[in-house]
Amino acid sequence: MLTGKQRSYLRKLANGIDPVVFIGKQDLTDNIIKEIDTNLEARELVKVKIQESSLLDPKEVCNEVAEKLGAEYVQAIGRKFTLYRESKDNKEIVLPR
């Protein structure tokens, strides 16, 4: 569970990254979940964008994906949301205490 200070730090880091996973009219598929999982392991902090053609709610999708992948919800703004999960092999982000 992230503290407010840690979540704030991750929001600051997420501000400078572009979305790497896009959810389209196919909605949330197993392949998209695998792609998010792969990116979380490689980068720890992943921004996802839900395309206009999808009717999904970003906060609901974010919470569902976070639960499935053991990740932490960082933020959802508009049609984008950010997830964080500490990497087992590629630890780069050091969270404040």
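# A tour starting from helix H3

Select Glu60, Glu67 and Lys68, which are exposed on the other side of H3 from its buried residues; here exposed means over 50% relative accessible area, buried under 20%, and partly exposed in between, computed with a 1.4 Å probe on protein chains only. The model is a predicted one, in which local features need pLDDT of at least 70 and side-chain atom pairs count only at pLDDT 80 or more, while totals for chains, interfaces and linings use all residues. Residues are numbered from 1 along each chain as its sequence is written, and side-chain values rest on heavy atoms, with hydrogens and water left out.

Now turn H3 around and select its buried residues, Pro58, Val61, Cys62, Val65, Ala66 and Leu69. They lie on the same side of H3 because they cover an arc of only 130 degrees around the axis, the arc being that of the directions from the helix axis to the C-beta atoms. These buried residues of H3 pack against E1, H2, E2, E3 and E4; helices (H or I, at least four residues) and strands (E, at least two) are DSSP runs, numbered from the N terminus. The end C-alpha atoms of H3 are 16 Å apart, which agrees with the 16 Å that its 12 residues should span at 1.5 Å a residue, the expected span being 1.5 Å times one less than the number of residues. Just after H3 comes Gly70, with a positive phi near 70 degrees.

Next, display the strands: E1, E2, E4 and E3, in that order, form an open sheet of four strands with mixed pairing, where two strands pair if DSSP finds at least two bridges between them. At its edges are E1 (21-23) and E3 (72-77), each of which pairs on one side only. Direction ignored, neighbouring strands are turned by 25 degrees against each other on average.

Zoom in on E1 and E2 (residues 45-50), which run parallel and are joined by three bridges; Val21 has Val48 as its bridge partner in E2, and Ile23 has Ile50. Five of the six residues of E2 are buried, so this strand is largely enclosed by the rest of the structure.

Helix H2 (residues 30-43) is the next selection: it lies across E1, E2 and E4 and runs at about 160 degrees to E1, with axes fitted to C-alpha atoms (for helices over the stretch in contact) and angles taken from 0 to 180 degrees between N-to-C directions.

Then colour the largest nonpolar core, which has 18 residues, those with the most contacts inside it being Ile23, Ile36, Leu40, Val48, Phe81 and Leu83; such a core is a set of buried Ala, Val, Leu, Ile, Met, Phe, Trp, Tyr and Cys residues joined through side-chain atoms within 4.5 Å. E1, H2, E2, H3 and E4 each give two or more residues to this core, and H3 gives the most, with five. Another core lies apart from it and has seven residues, including Leu10, Ala14, Val74 and Ile93.

Finally, select helix H1, whose buried residues are Gln6, Arg7, Leu10 and Ala14. Because they cover an arc of only 100 degrees around the axis, they are on the same side of H1. They pack against E2, E3 and E4, a contact being heavy atoms within 4.5 Å, whereas Gly4, Lys5 and Lys12 are exposed on the other side of H1.
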